[in-house]
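Hello,

Here is the structure I promised to pass on to you. Please have a look at it first, and then read on for my notes on the side-chain contacts.

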Amino acid sequence: TDLETVIVRSFLADISGLFRPDAYDYGVPPIVSSLCAILNTALTKFPIFTEDVIRKYIEYDKSDFVVGEVFVPGYCLTTSADPTWGKGKDSLYHIKPSDSDHTKARAIFLVQDNSEKQVTFLKDAKFIITNVQENEQGKKEIWMQELKE
């Protein structure tokens, strides 16, 4: 729909933080909850993606994981299909999506190409932490597998 198009374009723009319910210290405004629901519905229409992806995580992303922990972001987690994205110089999530019948990963870049090769997981995606390490540059790298539902 036209509304979904506007929401997806906003999500891809510099205001993507609007769609992070965990970024609101004093409660999520009702309009944000509505926008996130529309975004999630719109993303279901994008192509499924099952190849490994990477996320350069930022300071307010969760990073204090232990192996075996289940991670449920609760928002549409953005990643990159480019395996070199941030490699070596940034803290990273390495994510292995589930198979095509179960994954919540959607390839935005296959519809609207961008330099990031963006792949986004639907907001109800869940992951299990399989490894946590520090690279040679002192950056933390976290490996996770998407859980099937």
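To begin with a small puzzle: is Phe 71 buried or exposed? Please bear in mind that this is a predicted model. Phe 71 is buried, because its relative accessibility is 5% and the cut-off for that class is under 20%.

**Aromatic contacts**

Phe 71 is a good place to start. Its ring forms an edge-to-face pair with Tyr 93, with 5.9 Å from centre to centre and 70° between the planes. Since Phe 71 belongs to strand β2 and Tyr 93 to strand β4, the pair ties together parts that are 22 residues apart in sequence. Tyr 93 has a relative accessibility of 0%, so this residue counts as buried as well.

The two rings also have company: Tyr 57, Phe 65, Phe 71, Tyr 93, Phe 121 and Phe 127 make up one aromatic cluster. In total, the structure holds 8 aromatic pairs. One of these brings together Phe 11 and Phe 19, and it is edge-to-face because the planes stand at 85°, with the ring centres 5.6 Å apart. Phe 11 is buried at a relative accessible area of 5%, and Phe 19 is buried too, at 3% relative accessibility.

**Charges over rings**

Phe 65, a member of the cluster, turns up again here. The charged end of Lys 62 sits over the ring of Phe 65, at 4.9 Å from its centre. Trp 85 has a lysine over its face as well: Lys 56 lies there, 4.5 Å from the ring centre.

**Salt bridges**

How many salt bridges are there? The count comes to 9. Let me take you through three of them.

Arg 20 and Asp 61 meet through their side chains, with 2.8 Å from N to O. This salt bridge links distant parts of the chain, as Arg 20 lies in the loop between α1 (2–12) and α2 (30–43), while Asp 61 lies in the loop between β1 (53–56) and β2 (70–71), 41 residues apart. Both partners are buried.

Asp 52 and Lys 96 form another salt bridge, and here the closest N and O atoms are 3.7 Å apart. Asp 52 sits in the loop between α2 and β1, and Lys 96 in strand β4 (residues 92–96), so that distant parts of the chain, 44 residues apart, are linked. Asp 52 counts as partly exposed, because its relative accessibility is 48%. Lys 96 is partly exposed too, with a relative accessible area of 42%.

The third salt bridge joins Asp 124 to Lys 104, with 3.4 Å between the closest N and O atoms. Asp 124 is in the loop between β6 (118–121) and β7 (127–134), and Lys 104 in the loop between β4 and β5 (105–107); the pair links distant parts of the chain, 20 residues apart. Which of the two, Asp 124 or Lys 104, is buried and which is partly exposed? Lys 104 counts as buried because its relative accessibility is 17%, whereas Asp 124, at 34%, is partly exposed.

Finally, there is a network to look at: salt bridges with shared partners join Arg 20, Asp 22, Arg 55 and Asp 61. So when you display the Arg 20 and Asp 61 pair, please show Asp 22 and Arg 55 alongside, because the four belong to one network.

Best wishes

Definitions and conventions
Residues are numbered from 1 along each chain as its sequence is written. This is a predicted model: local features need pLDDT of at least 70, side-chain atom pairs count only at pLDDT 80 or more; totals for chains, interfaces and linings use all residues. Side-chain values use heavy atoms; hydrogens and water are left out. Helices (H or I, at least four residues) and strands (E, at least two) are DSSP runs, numbered from the N terminus. Buried means under 20% relative accessible area, exposed over 50%, partly exposed in between (1.4 Å probe, protein chains only). Rings of Phe, Tyr and Trp (its six-membered ring) pair if their centres lie within 6.5 Å; planes under 30 degrees apart count as stacked, over 60 as edge-to-face and the rest as tilted. A charge sits over a ring if NZ of Lys or CZ of Arg is within 6 Å of the ring centre and within 35 degrees of the ring normal.
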